[in-house]
Amino acid sequence: MISAELSLLSICFTYPDLLPKVRTLVQPYMFLDIKNNTIYNAALDLYDTGASVDNVTVSSHILNNKKLSSKFSNDIDVQDSIMNIRDVDAVVDNFKDYTGIIVKLQRIFRMVLMQVLKSKH
């Protein structure tokens with residue numbers, strides 16, 4: 001099963017002009033997979049500087065930034081993660097569905113985390 005995170009990132013790579021709209025709905029911390037979180041952050045960084053956003057530029061940005069690349073086990077891990085996104089054939093018309101799933105999962109994660117923390121006290 002392809003995750004909503006990968007699908008949304010695929011859309012961001014294919015249609016980077018949607019990044020501002022996606023950003024209003026999904027913040028980087030909402031990505032539960034730290035690698036996807038890092039890739040999304042890199043895409044936003046590039047977009048904010050006016051650079052091209054695609055699998056090559058995002059990969060290069062991550063590899064050239066020690067803070068970002070530290071979220072991956074090695075350079076090949078970065079490339080594999082980017083390739084997984086590139087291979088997703090996401091439907092742009094469904095991007096709001098993907099963002100909704102990410103937001104919902106983040107809320108559930110936060111709720112469970114709060115319950116765990118409360119049970120420890």
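Leu 32 is located in the loop that runs between α2 (19–25) and α3 (34–48) of this predicted model. With a relative accessibility of 42%, Leu 32 is classed as partly exposed, because the partly exposed class lies between the limits of 20% for buried and 50% for exposed residues. Leu 32 belongs to a nonpolar patch on the surface. The other members of this patch are Ile 101, Leu 105, Ile 108, Phe 109, Met 111, Val 112, Leu 113, Met 114, Val 116 and Leu 117. Together, the residues of the patch have about 940 Å² of accessible area.

Helix α1 (residues 4–14) stands in contrast to this surface patch, being mostly covered, with 10 of its 11 residues buried. The buried residues of α1 are Ala 4, Glu 5, Leu 6, Ser 7, Leu 8, Leu 9, Ser 10, Ile 11, Cys 12 and Phe 13. An α-helix has 3.6 residues a turn, so residues three or four places apart point the same way. The partners against which the buried residues of α1 pack are α2, α3, α4 (55–63), α6 and α7 (95–119).

Aromatic rings were examined next. A pair of aromatic rings is described by the distance of the centres and the angle of the planes. Across the whole structure, the search yields 1 aromatic pair. This pair consists of Phe 31 and Tyr 40, with 4.7 Å from centre to centre and 40° between the planes. The arrangement is classed as tilted, because an angle under 30 degrees would count as stacked and one over 60 as edge-to-face. Phe 31 and Tyr 40 are both buried.

Charged side chains were then considered. Side chains of opposite charge can pair when their charged atoms come close. The structure contains 3 salt bridges. In one of them, the side chains of Asp 48 and Arg 23 meet at 2.8 Å, N to O. This pair links distant parts of the chain, since Asp 48 belongs to helix α3 and Arg 23 to helix α2, 25 residues apart. Asp 48 is partly exposed, having a relative accessible area of 49%, and Arg 23 is also partly exposed, at 28% relative accessibility.

A salt bridge is also found between Lys 35 and Asp 77, where the closest N and O atoms are 3.0 Å apart. Here too, distant parts of the chain are linked: Lys 35 is in helix α3 and Asp 77 in helix α6, 42 residues apart. The C-alpha atoms of these two residues are separated by 9.3 Å. Lys 35 counts as partly exposed, at 25% relative accessibility.

The surroundings of Asp 77 can be described further. Asp 77 is placed in helix α6 (residues 75–86), and its relative accessibility of 12% means that Asp 77 counts as buried. When residues up to four places away in sequence are left out, Asp 77 touches Lys 35 and Phe 72. In addition, the side chain of Asp 77 reaches the backbone nitrogen of Ser 73 at 3.0 Å.

Another salt bridge joins the side chains of Asp 87 and Arg 86, at 4.0 Å, N to O. Asp 87 is exposed, with a relative accessible area of 55%, whereas Arg 86 is partly exposed, at 47% relative accessibility.

How values were computed: Residues numbered from 1 in each chain as written. Predicted model: local features only at pLDDT ≥ 70, side-chain atom pairs only at ≥ 80, totals over all residues. Heavy atoms only, no water. Patch = residues over 30% accessible without salt bridge, like charges linked within 9 Å, V, L, I, M, F, W, Y side chains within 5 Å. Areas by Shrake-Rupley, 256 points an atom, 1.4 Å probe, with all protein chains shown as cover. Helix = DSSP H or I, 4+ residues; strand = E, 2+ residues; numbered from the N terminus. Buried < 20%, exposed > 50% of the residue type's maximum accessible area, 1.4 Å probe, protein only. Contact = heavy atoms within 4.5 Å. Polar contact = N/O pair within 3.5 Å; in protein donor to acceptor, adjacent residues only side chain to side chain. Phe/Tyr/Trp six-rings, centres within 6.5 Å; stacked < 30°, edge-to-face > 60°.
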